[in-house]
Every structure is written in structure tokens, then in C-alpha cells.
Amino acid sequence: MKFWMTACWAAMTWSAMAEMPKLEDAIPPAIQALGAPTDVAFPNGIQMAITASSDKAQAEVLQGLNHLHGGWEFQASRHFAAAMREDPECLLAHWGLVMCLLSPDPAAIPARNALVDRLLELVDRNVGTELERGYVYALIKYMEEGPVGAMNAFIKVSDKFPNDIQSKVFGALFGRTGYDELGGPTPGQERSEKVLAELVKKYPEDPLPLNALLLIKAEAPDLTGSLEAARKLSQMSPSYAPYFHLLGHYEWRCGNHGNATAAFGRASSLFERWMMENKVTVADCPEWANAECYRVVALCSKGDFDTAYAAAKLVADIPFPADRGTSAGARFLLWEAKTLPARLLMRRSQPADLEQALASLPKPVDIGPTSSKSLAFWWIDGLRMFLDARRLLGEGKYEEARETAAALNFHGDRMAKVQNTASLTGERSAWSRAFRSMEVIASELSGEISLAGPVAGRGAAFNWFRAATDRQKHATMLYPPAVLMPMAAQLGEYYMGIHKTQEAIAAYKEALVTFPNDIQTLKALEKAYLKDKNTAEAGKIAAQIKILEEQ
């Protein structure tokens with residue numbers, strides 16, 4: 001990814017020596033096709049002096065900045081483009097639109113290239129304030145050196161302009177480095193969290209640093225300490241959909257599935273209303289589809305499978321927008337929404353579910369025409385192989401199941417070879433999520449095959465289930481988990497099958513760390529306690545299940 005960005009930047013820098021492109025050539029077609037964006041109220045939102053020829057241009061840039069920090073890049077793009085039309089020499093409007101297009105829909109790349117040419121020309125002409133040009137410098141360092149370069153550049157900007165909150169926030173965002181294998185914050189992550197926590201303390205009513213802090217902590221092992229902050233953020237802007245999606249993520253990760261369902265429902269409704277008012281389709285609002293998919297997962301987690309499955313089918317049935325096949329929304333439908341009913345049925349695992357799950361996946365004849373638009377067929381075909389192998393096992397066709405599992409592993413090896421293609425076409429994140437998930441389900445399948453095979457080889461099942469458990473990580477990018485079964489629960493089933501109830505109890509508890517308050521896992525834990533003749537603990541779990549089901 002870094003090589004690709006550097007190569008693009010070098011090519012665009014060279015082309016910047018040519019004549020400055022026309023304004024409309026620098027605005028992506030999807031933005032051009034829509035009318036003017038409407039404003040959203042951001043109480044205590046970003047306040048910054050913008051170099052522009054009119055108050056309207058300044059206001060559009062501020063709207064764009066607030067949406068950019070909220071993670072709603074498409075809506076931010078519309079406001080930055082509106083500011084550019086109002087003032088074709090507004091430096092920060094150009095900068096903001098480039099920030100929104102760092103990983104664009106391939107159809108937007110020509111506009112992005114023209115946009116950068118214009119941005120560089122404006123910098124050469126010394127347009128904008130020193131602070132604004134500092135923002136552009138940090139963007140250039142990102143293109144040249146990646147996140148570390150951008151972090152250092154924004155730190156320099158914030159040192160020179162200590163009252164500018166944004167540069168501090170951007171420095172922390174680009175400086176975050178996530179969590180290690182044991183769940184502890186890495187040095188860069190710890191430093192970024194500290195910077196943002198200090199800003200939140202200093203500006204308690206400003207949503208900018210609070211949202212940034214919650215975003216970078218969203219993949220932490222334990223989110224309970226930040227849940228109230230997520231609730232506070234949604235109250236600051238009660239009509240802003242991204243904040244409710246973020247809240248839903250925190251509620252789900254904390255095991256509050258009823259609250260998560262409500263938060264995702266609120267986000268989904270707000271996104272849907274915005275789509276109707278602006279005549280936008282799902283092609284340009286993957287955020288709506290993501291909120292709906294996460295709501296489905298929350299419903300499943302609280303035990304309301306029928307409602308979850310009905311909602312999943314509605315999202316999966318949305319027609320693929322072939323004319324916008326490389327858009328973020330179209331690709332989200334393929335990678336996530338159209339596989340969701342099958343993944344729900346994989347989670348429930350009742351006798352007839354495997355056949356139904358296979359039937360719910362997009363047919364090869366249907367996904368064939370999409371293969372030039374997206375790499376999602378690798379994930380869909382992988383799920384199909386997994387389900388077919390499980391079906392064969394259920395029918396007692398052990399050798400055929402082994403052959404299908406071998407085909408799945410070969411499929412995974414081939415998928416690994418398109419990693420660079422995924423980066424070049426803007427699908428690296430979706431590819432990584434699917435590839436890691438295929439590793440999880442392939443390990444689980446190997447465990448199932450070991451159990452169904454000769455007695456001498458059944459001991460290997462533990463290693464495969466343990467591998468699946470270790471490979472299953474928290475979902476990233478505020479997405480729901482791709483594999484809806486906690487693999488530690490599968491390990492618990494293995495232990496129950498060999499009558500080791502104490503080990504099964506420990507495995508189910510481990511599963512509940514990753515999938516807190518998951519109803520299906522809690523019921524399995526209750527059953528394990530009863531088999532262990534621990535009626536007191538079983539009663540506690542039963543009471544917990546009753547409370548959760550009544551939410």
C-alpha cells in the first residue's frame with residue numbers, strides 16, 4: 001500500500017508541472033451526479049479560520065472537516081467539492097477532498113489525480129495560511145513516508161500552532177499503532193491515546209478529540225471503560241449517524257446487545273433518511289449497509305435469530321449496482337451483505353441450516369459478472385466450499401469432505417496471491433478481513449474432519465480448534481465479526497464431546513470474552529455447568545440469559 005501511494009504521488013508530482021486541470025475534472029463523478037449537500041448541526045464542532053473568498057466556502061469546508069473526522073468521507077467529499085466550486089482556489093477544500101480520496105473507488109482515481117495536481121499548483125502559488133499549508137505538507141509526508149511521516153509532520157504543525165486542536169488529533173490518528181498479540185497497546189498506540197485523553201480532559205464538550213479517542217480504542221480487548229464516553233458522544237450530536245454506529249459497536253463489544261441493536265437501528269434510520277433526502281443509493285452509502293449488518297449480528301447475539309435472519313435477507317437481496325460496481329457500497333454488498341444470511345446459518349448450525357446456507361449464497365453465474373469489479377468472489381467461493389464440506393460430513397461422506405477441505409486450502413493459497421491486486425484496486429481491507437476469516441473456518445473444518453475420521457487421528461481436532469480460536473481476532477474498522485461463531489465455543493463443544501466439562505467451561509468463558517453475553521454461548525455454558533453438577537453456577541447463567549432475553 002505504501003509503495004502504491006508513493007508511486008502515485010511521484011507520478012502526480014510529475015504531472016503537476018503541466019497545466020492546472022479544470023475544476024470539474026478534479027471532482028469525482030459520483031459527487032458531480034448529486035446536488036448540493038445539506039448542512040448538519042455540529043454542536044461545539046470544529047472552529048477554524050479558512051482562507052476562502054466567501055463565507056459559504058468557509059462554511060462548506062467546516063462541514064467537510066466535521067464529516068471527515070466523523071468518518072463519513074463521502075459526505076465530507078461533497079462539502080469539500082461544494083467549497084471548491086464556491087472558491088476554486090480554496091487550499092483547504094482541495095486538501096480535504098484529497099484526504100477523502102486516499103483509498104478511492106477506482107472510478108474516482110482520475111479525479112483524484114487531477115485534484116492533487118491542482119493542490120500542488122496552489123501550494124506553489126503560496127495560497128493559504130501557514131497553518132493550512134502545514135496540513136498539505138503533512139499530507140505530502142503521508143504519501144511519501146506513510147503514517148509515521150504524517151504523524152511527525154502534524155506534530156510539527158501542532159508545536160508551531162499550539163491552539164490548533166485538529167493538528168494534534170491528526171498527529172494522534174496517524175501515530176496510532178494498535179494493540180499487540182496479548183491485547184496491550186503498542187508504544188505508538190499508548191502515545192496517541194495519551195494525547196487524545198489529555199485533549200478530552202481539556203475540552204470535555206468538544207466531540208472532535210472524544211470521537212478520535214473512541215475510534216482508535218475501538219479494537220481494544222476491553223471497551224467497558226470507554227462505554228460511557230461513547231454514550232456521551234452520541235448525545236452531543238443526537239442526529240449524527242456515525243456517532244450512533246460507533247456507540248453500537250461499543251455496546252455490542254460490552255455485551256449490551258439490546259442497546260447495540262437500538263444504536264445500530266438509530267444509525268441505520270439516520271443514514272436511510274439521508275439517502276432518501278439526497279437521492280443517494282447504497283453504492284455511495286456503505287455506512288447504511290454496515291449499520292444494518294451490525295444490527296443483524298446484535299440481534300443474533302441476543303438470541304433473536306428469526307428477526308436477524310429476516311433483516312439479513314432484506315440487505316442481501318439489494319440488487320448489485322452493476323453501473324457502479326467498483327463503488328464502496330457495491331463492494332460492501334458483495335463482501336458482507338450477500339454472505340450474511342449464510343454466515344448467520346453457519347452460526348446457528350441446526351440440521352437443515354447447511355443446505356439453506358449454501359442456497360443463500362450468490363450463485364456462481366451471478367457473481368461471475370462482478371469479478372471484474374471486485375475480488376469478493378474469493379470469499380464467496382471459499383464460504384461455499386466450507387459449507388459443502390460440512391454438508392458432506394453430515395452425510396457421512398468423509399473422503400469427499402476431505403477432498404473439499406483440501407480444495408478450500410488450495411483456494412486460500414490462490415487467494416493469498418491476489419493480495420497486491422487487492423491493494424491496487426482499493427480492496428485490501430476487505431480482502432484481509434475475508435482471508436483471515438477463511439483461515440479461521442478452514443482450521444475449524446479441519447477439526448471437524450479430524451473428529452469424523454479414524455479414531456487414531458481424532459486427537460488432532462483439539463489443535464485445529466485451538467488454532468481457529470487463536471486466529472479469531474476482533475473485527476476492525478467498526479465492522480461486525482465476519483465469523484459469527486466464537487471459535488472458543490467450538491473448542492468447548494469439543495471438550496463436551498470427550499466429557500471434559502471443566503475444560504469446556506473454561507473454553508466457553510474464553511468465548512464470552514470475545515463475544516460477551518452471546519446467548520448461544522451462555523446456553524452452552526449453562527449446559528456444561530449442569531453436566532458438571534454445579535447447579536449454583538448454572539442458575540446464575542440461567543438468570544443472566546433471562547435478563548438478556550427480556551431486553
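Which residue follows α18, and is its phi positive or negative? Select Ser349 to find out: this residue comes after α18, and its phi is positive, near 60 degrees. Keep in mind throughout the tour that the model on your screen is predicted.

**Stop 1: helix α18**

Now select residues 340–348, which make up helix α18, and notice that the helix is mostly covered, since eight of its nine residues are buried. The buried residues are Leu340, Pro341, Ala342, Arg343, Leu344, Leu345, Met346 and Arg347. To see what lies over them, add further helices to your selection, including α15 (286–301), α16 (305–316) and α19 (353–360), together with α21 (377–394), α24 (428–452) and α28 (519–531).

**Stop 2: the second largest pocket**

Keep Ser349 selected and add Arg347, Met485, Gln490 and Gln520, because these five are the next landmark. The second largest pocket has a volume of about 480 Å³, and of the 28 residues that line this pocket, those five are the closest to its centre. If you colour by helix, you will find that α18, α21, α24, α26 (487–497) and α28 each give at least two residues to the lining. Colouring by residue type instead divides the lining into 16 nonpolar, five polar and seven charged residues.

**Stop 3: the second largest cavity**

Leave Arg347 selected, for this residue also lines the second largest cavity, where it is joined by Trp252, Val297, Cys300, Ser301, Leu484, Phe515 and Asp518. The volume of this cavity is about 40 Å³, and the largest share of its lining, three residues, comes from α15. By type, the lining is made up of five nonpolar residues, one polar and two charged.

**Stop 4: the largest cavity**

The structure holds two cavities of 30 Å³ or more, and the largest has a volume of about 70 Å³. Select Phe42, Asn44, Gly45, Ile46, Asn66, His69, Gly70, Asp206, Pro207, Leu208 and Tyr243 to show the residues that line the largest cavity. Two elements, α3 (55–70) and α11 (207–216), give two or more residues each to this lining, and the largest share, three residues, comes from α3. The lining divides into five nonpolar, five polar and one charged residue.

**Stop 5: salt bridges**

Side chains of opposite charge can pair when their charged atoms come close. In the whole structure, a search finds 28 salt bridges, and three of them are worth selecting in turn.

Begin with Glu228 and Arg231, whose closest N and O atoms are 2.6 Å apart. Because the two residues are three apart in helix α12 (residues 227–236), they are separated by about one helical turn. Glu228 is exposed, with a relative accessible area of 53%, whereas Arg231 is partly exposed at 23%.

Next, select Glu181 and Lys473, which form a salt bridge with their closest N and O atoms 3.2 Å apart. This pair links distant parts of the chain, 292 residues apart, with Glu181 in the loop between α9 (165–175) and α10 (187–202), and Lys473 in the loop between α25 (460–471) and α26. Glu181 is exposed, with a relative accessible area of 69%, while Lys473 is partly exposed at 48%.

Finish with Arg390 and Glu444, where the closest N and O atoms of the salt bridge are 3.4 Å apart. Arg390 lies in helix α21 and Glu444 in helix α24, so the pair ties together parts that are 54 residues apart in sequence. Both residues count as buried, Arg390 at 17% relative accessibility and Glu444 at 5%. As a last selection, take Asp388, Arg391, Glu395 and Lys397, which are joined into one network by salt bridges that share partners.

How values were computed: Residues numbered from 1 in each chain as written. Predicted model: local features only at pLDDT ≥ 70, side-chain atom pairs only at ≥ 80, totals over all residues. Heavy atoms only, no water. Buried < 20%, exposed > 50% of the residue type's maximum accessible area, 1.4 Å probe, protein only. Helix = DSSP H or I, 4+ residues; strand = E, 2+ residues; numbered from the N terminus. Contact = heavy atoms within 4.5 Å. 1 Å grid on protein atoms, 1.4 Å probe; cavity = no way out; pocket = protein on both sides within 12 Å on 5 of 7 lines; lining within 4 Å. Points joined across faces, edges and corners; volume = space filled by probe spheres on them. Nonpolar A, V, L, I, M, F, W, Y, C, P; charged D, E, K, R; others polar. Salt bridge = Lys/Arg side-chain N within 4 Å of Asp/Glu carboxyl O.
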